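Please open the model in your viewer and keep the sequence panel beside it. The tour below moves from one selection to the next and says what is to be found at each stop.

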Amino acid sequence: MKKTIFSVAVAFAASLFISCTSAPKADLVGASKLDSLSYAIGVSQSQGLKDYLSRMDVDTTYMNQFVAGLLAGANADDKQNAYFCGEQIGDQVVNQIIPGVTSELFEGKEGKLNEKNFTNAFIAGVTGKGMKMTPAEAQEKVMSLMTAIRTNNDSTANLKAQVDTFSYAMGLAQTQGLKDFVMYRMGVDTVYMTDFVKGLKAAIKGKDNAKKKANNAGIQIGQQIANQMVPGISYELFGNESELVSKDYILAGFIAGATEKDLLIQPMEADMLAMTLMEDIKNEYLEQQFGENKAQGEAFLTSIAQEEGVVKTESGLCYKVLKAGKGAIPTNTDKVKVHYRGTLINGTEFDSSYSRNEPTSFRADQVIAGWTEALTMMPVGSKWMLYIPQELAYGSRDLGTIQPFSTLVFEVELLEIEK
């Protein structure tokens, strides 16, 4: 069986496209950087939406229904979210899974699944109630009936019985792993599984039409904005989800871009503004959290630079020769072998090839800038102490033990240039 059809076909659009009666309004005059960033991201992410909706077979004539669904999905509480997720799965059952299974089973010949058996089994599998077999038994039954149905596609009563049984088994087999997917990927609170099932049944039994399809597409994307995009961007900015970008400003920008109405900034401008503001906000946040590291590092380097034997370069790197080598000096593209020990300015060791009792090899330009500068001045056989300012080390990156804006100290021994 082809995996694309006979696995749980519940994966939804992964692009960032992840109850309120009117669209939120945005005012960028005097808006905070975070709100301006949120609006710019919304506008930016709306680019290409109509092509994306076309791939979802959504008639963009019904953008009002799409926007209504978008707001409903983005502002849903846990109970509503469960219902909406059920509707999404139900839509896929009737519009994708059943047609796909039918096409694969009969391979262009006349024939159809027993949709009632399929959907009854699917609902039974989701609820765990009234199952006529286990999902594992259903999978085995599907395998055993597949060849028989394909090779005996006629109108006999035996074939009808096989198709009926196959339909039920396939519907049940599709629910394997579904509950975990619904809980962990779709974020459905199991307290509201009853509401999920209501949405599932409504979509399976309801009539598909263009307005409903547009509304459902909006719900799906609205859920992605609220449940994936907002926390995802917040985590990227702040490393946690306790401080959130503005969902309302994202929605305002997204809706303006999608409908091409009341745009406060143009899409190309939004892309550039989002990149600039994200960098600014991230750096400002890190400065608030870790600015003391920068101040302590600068004070440390000022003190070290005054010690006897310490040389300070134009870039701010400080070094002291512990042992003068007499070998060749590497270029930045040479591969070198070194022994080293790295510590913070308080003496905390974070890495050491000496502790591993094994030298390390790498190209001289594939390490932090402070190392590259030092290595391209060191003759082979040298042993130096390096005092590297944060801007020549890892800057604002948070590496755990090495916090943002940390000045680093290294003892480095250049053993050889490898050929």
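What follows is a walk through a predicted model, taken in stops that each begin with a selection.

**Helix α1**

Begin by selecting residues 33-45, which form helix α1. With 13 residues at 1.5 Å a residue, this helix should span 18 Å, and the distance between its end C-alpha atoms is 18 Å, so the expectation and the model agree. Now colour the buried residues of α1, which are Ser36, Leu37, Ser38, Tyr39, Ala40, Ile41, Gly42, Val43 and Ser44. Which helices do these buried residues pack against? Displaying α10 (210-238), α11 (247-259) and α12 (267-305) gives the answer, since the buried residues of α1 pack against these helices.

**The nonpolar cores**

Stay in this region and select Leu49, Leu53, Phe66, Ile221 and Ile225, which touch the most other members among the 41 residues of the largest nonpolar core. Helices α1, α2 (49-55), α3 (63-74), α10, α11 and α12 each supply at least two residues of this core, and the largest share, 10 residues, comes from α10. To see one member in detail, centre the view on Leu53, which, when residues up to four places away in sequence are not counted, touches Val58, Thr60, Met63, Phe66, Ala217 and Ile221. Apart from this core lies another, of 40 residues, and selecting Val93, Val101, Ala124 and Ile204, which are among them, will take you there.

**Aromatic pairs**

Next, show the aromatic side chains; the structure holds 8 aromatic pairs. Select Phe300 and Tyr387, whose ring centres are 6.2 Å apart and whose planes stand at 55°, so the pair is tilted. Phe300 belongs to helix α12 and Tyr387 to strand β6 (residues 383-388), so that the pair links distant parts of the chain, 87 residues apart. Both Phe300 and Tyr387 are buried.

Then move to Tyr319 and Trp384, an aromatic pair that is stacked, with 4.3 Å from centre to centre and 10° between the planes. Because Tyr319 lies in strand β2 (residues 318-323) and Trp384 in strand β6, this pair ties together parts that are 65 residues apart in sequence. Tyr319 is buried, with a relative accessible area of 13%, and Trp384 is likewise buried, at 5%.

For the last aromatic selection, take Tyr340, Phe350, Phe362, Trp371 and Phe410, which ring pairs link into a cluster.

**Charges over rings**

Select Lys132 together with Tyr168: the charged end of Lys132 sits over the ring of Tyr168, 5.4 Å from the ring centre. A second such arrangement appears on selecting Lys294 and Phe405, where the charged end of Lys294 sits over the ring of Phe405, 4.6 Å from its centre.

**Two loop residues with positive phi**

The final stop concerns the backbone, where most residues other than glycine have a negative phi. Select Asp262, in the loop between α11 and α12, and check its phi, which is near 60° and thus positive in a residue other than glycine. Is Asp262 buried or exposed? Its relative accessibility is 67%, and because exposed means over 50%, Asp262 counts as exposed.

Finish at Asn357, found in the loop between α13 (353-356) and β5 (360-363). The phi of Asn357 is also near 60°, a positive value in a residue other than glycine, and with a relative accessibility of 69% Asn357 counts as exposed.

Methods: Residues numbered from 1 in each chain as written. Predicted model: local features only at pLDDT ≥ 70, side-chain atom pairs only at ≥ 80, totals over all residues. Heavy atoms only, no water. Helix = DSSP H or I, 4+ residues; strand = E, 2+ residues; numbered from the N terminus. Expected span 1.5 Å × (residues − 1). Buried < 20%, exposed > 50% of the residue type's maximum accessible area, 1.4 Å probe, protein only. Contact = heavy atoms within 4.5 Å. Phe/Tyr/Trp six-rings, centres within 6.5 Å; stacked < 30°, edge-to-face > 60°. Lys NZ or Arg CZ within 6 Å of the ring centre and 35° of its normal. Core = buried A, V, L, I, M, F, W, Y, C linked by side-chain atoms within 4.5 Å.
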